[in-house]
Amino acid sequence: MTVTGSAARSPQRQPVAGPVEAEVTDVQDGDGLCVNARVWPGMHVIKCLRIAGIDTPERASHCPAEKAAAAAAAAKVVELVGNRVWLR
């Protein structure tokens with residue numbers, strides 16, 4: 001394949017070789033969390049992620065029972081994950 005124009009001059013994006021260790025900075029609910037990942041010396045990426053294959057109630061719900069279930073799910077994530085995760 002031949003690439004011409006501005007694409008030929010821009011470096012290709014390469015995936016970061018993983019897994020990458022990341023600090024959990026926030027647990028949003030039972031299926032979402034925010035992390036600070038060190039992807040290169042001196043370079044950190046802060047990103048909010050969803051946990052693959054998990055679906056839990058949302059904290060933003062207007063239903064009190066769903067909010068309570070979301071808080072319980074978030075507490076379980078904190079218990080299971082702690083403050084460090086490995087991203088693949």
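How much accessible surface does the chain have, and what percentage of it belongs to carbon and sulfur atoms? In this predicted model, the accessible surface comes to about 6,800 Å². Carbon and sulfur atoms account for 57% of that surface.

The overall layout comes next. The chain contains two helices and four strands. Read from the N terminus, the order of these elements is α-β-β-β-α-β. The chain has 88 residues, and 23% of them are buried. Contacts across the sequence were also counted. Among contacts with a separation of 6 or more, 44% join residues that lie 24 or more positions apart.

Charged pairs were then examined. Side chains of opposite charge can pair when their charged atoms come close. A search of the whole structure gives three salt bridges.

One salt bridge joins Arg-84 to Glu-21, with 3.2 Å between the closest N and O atoms. Arg-84 belongs to strand β4 (residues 84–87) and Glu-21 to strand β1 (residues 20–29), so this pair ties together parts that are 63 residues apart in sequence. Both partners can be described by their accessibility. Arg-84 is partly exposed, at a relative accessible area of 43%. Glu-21 is also partly exposed, at 36%.

Another salt bridge connects Asp-31 with Arg-50, and here the closest N and O atoms are 2.7 Å apart. This pair, too, links distant parts of the chain. Asp-31 sits in the loop between β1 and β2 (32–40), while Arg-50 sits in strand β3 (residues 43–50). The two residues are 19 positions apart. Their exposure can be set side by side. Asp-31 has 0% relative accessibility and counts as buried. Arg-50 has 55% and counts as exposed. The cut-offs explain these labels: buried means under 20%, and exposed means over 50%.

The remaining salt bridge pairs Lys-76 with Glu-79, at 3.2 Å between the closest N and O atoms. Both residues lie in helix α2 (residues 64–81). They are three residues apart, so about one helical turn separates them. Lys-76 is partly exposed, with a relative accessible area of 40%. Glu-79 counts as exposed, at 57% relative accessibility.

Attention now turns to the largest pocket. This pocket holds about 240 Å³ of space. It is lined by 15 residues, and those closest to its centre are Leu-33, Arg-50, Ile-51, Val-81 and Val-85. Arg-50 thus appears both here and in the salt bridge with Asp-31. Three elements, β3, α2 and β4, each give two or more residues to the lining. Helix α2 supplies the largest share, with five residues. By type, the lining residues divide into 11 nonpolar, two polar and two charged.

Val-85 of the pocket lining was followed further. Val-85 lies in strand β4. Why does Val-85 count as buried? Its relative accessibility is 14%, and the limit for buried is under 20%. Leaving aside neighbours within four places in sequence, Val-85 is in contact with Val-20, Glu-21, Ala-22, Val-24 and Val-35. One of these partners, Glu-21, also forms the salt bridge with Arg-84. Val-85 and Pro-19 are 66 residues apart along the chain, and 9.6 Å separates their C-alpha atoms.

Note on methods. Residues are numbered from 1 along each chain as its sequence is written. This is a predicted model: local features need pLDDT of at least 70, side-chain atom pairs count only at pLDDT 80 or more; totals for chains, interfaces and linings use all residues. Side-chain values use heavy atoms; hydrogens and water are left out. A salt bridge is a side-chain nitrogen of Lys or Arg within 4 Å of a carboxyl oxygen of Asp or Glu. Buried means under 20% relative accessible area, exposed over 50%, partly exposed in between (1.4 Å probe, protein chains only). On a 1 Å grid over the protein atoms alone, a cavity is a set of points where a 1.4 Å probe fits but cannot get out, and a pocket is an open set with protein on both sides within 12 Å along at least five of seven lines; lining residues have an atom within 4 Å of a point. Grid points are joined across faces, edges and corners, and a volume is the space filled by probe spheres set on the points. Ala, Val, Leu, Ile, Met, Phe, Trp, Tyr, Cys and Pro count as nonpolar, Asp, Glu, Lys and Arg as charged, and the others, Gly among them, as polar. Contact means heavy atoms within 4.5 Å. Accessible areas come from the Shrake-Rupley method with a 1.4 Å probe; for residues, only the protein chains shown count as cover.
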